[in-house]
Amino acid sequence: MTGPRTSGKKRANGVESRQRILDAAVAIAGERGYDGTSIAAVSARCGLPASSIYWHFRDKDDLIAAVIERSFETWLAAVELPGEEAGTPLDRAVIMAANVAKSLVNEPDFLRLGLMLALERRPEEPRSRTVFFQVRHIARQRIEEVVRFVLPQLDDDAVRLLTTYAIAGADGLFVQREFNGDSVDLVEMFQFHARLVYETGLRMAAESAR
């Protein structure tokens, strides 16, 4: 009969194996993209047999979806305004933008793999692409909430427009860093972007009040 310690050890080993598999998938996908990623390549990189990978994940698509979800959770935790002690609404937005940029530097897989999948068109929709669009929707809702809080004078249409602009700009800055590496200071760029978005929101509010 299996005792509590043995069961706990098996669970711990299972969690560790899963993380090793995800880490290997991140590395392979970052080097080869979605099409170049295979269970065999992930197995060789993580040192676990393919049967172990299939125990955790149904197929490659399920594995890539899990990579996106794991990275997204880290990223989403950064999309939160600091408290009032951090300063003005603009100060708080700039701090949040810096935190988001740091999370993307540390965990870029969500956006890197997701953008690759989003730009591809396939006869069959991969689950990982669907997952990316789902988590992007969650991200958009969170950013809309921040915009409403920081710029309460904006109406719903303006909030949606400004949110779209903010996300598009952030995507572009991330891609620019992917092209040019560490020569692009993503934290500084996101802080600059946050200030521009805030100033744009103020102008939109002033124009609508005329």
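Buried means under 20% relative accessible area, exposed means over 50%, and partly exposed is anything in between. Keep that handy for these exercises on a predicted model.

**Exercise 1.** Sort the partners in the salt bridge between Arg177 and Asp182 by burial.

*Solution.* Start with the contact: the two side chains meet with N and O 2.7 Å apart. Next, take Asp182: its relative accessibility is 68%, so Asp182 counts as exposed. Then take Arg177: its relative accessible area is 18%, so Arg177 is buried.

**Exercise 2.** Work out where Arg140 and Glu144 sit, and how they pair up.

*Solution.* First, place them: both belong to helix H7, four residues apart, or about one turn of the helix. Now look at the contact: they form a salt bridge, with the closest N and O atoms 3.3 Å apart. Finally, check burial. Arg140 has 24% relative accessibility, so it's partly exposed. Glu144 has 15%, so it's buried.

**Exercise 3.** Compare the span of helix H7 with what you'd expect.

*Solution.* Helix H7 runs over residues 127-150, which makes 24 residues. At 1.5 Å a residue, the expected span is 34 Å. From first C-alpha to last, the helix reaches 35 Å, close to that value.

**Exercise 4.** Describe the largest pocket and its lining.

*Solution.* Begin with the space: the largest pocket holds about 550 Å³. Then count the lining: 29 residues, with Met96, Ile143, Ala166, Ile167 and Ala170 nearest the centre. Now sort them: 24 are nonpolar, two polar and three charged. Last, find the suppliers: H5, H6, H7, H8 and H9 each give at least two lining residues.

Terms used. Residues are numbered from 1 along each chain as its sequence is written. This is a predicted model: local features need pLDDT of at least 70, side-chain atom pairs count only at pLDDT 80 or more; totals for chains, interfaces and linings use all residues. Side-chain values use heavy atoms; hydrogens and water are left out. The expected span of a helix is 1.5 Å times one less than its number of residues. On a 1 Å grid over the protein atoms alone, a cavity is a set of points where a 1.4 Å probe fits but cannot get out, and a pocket is an open set with protein on both sides within 12 Å along at least five of seven lines; lining residues have an atom within 4 Å of a point. Grid points are joined across faces, edges and corners, and a volume is the space filled by probe spheres set on the points. Ala, Val, Leu, Ile, Met, Phe, Trp, Tyr, Cys and Pro count as nonpolar, Asp, Glu, Lys and Arg as charged, and the others, Gly among them, as polar. A salt bridge is a side-chain nitrogen of Lys or Arg within 4 Å of a carboxyl oxygen of Asp or Glu. Buried means under 20% relative accessible area, exposed over 50%, partly exposed in between (1.4 Å probe, protein chains only).
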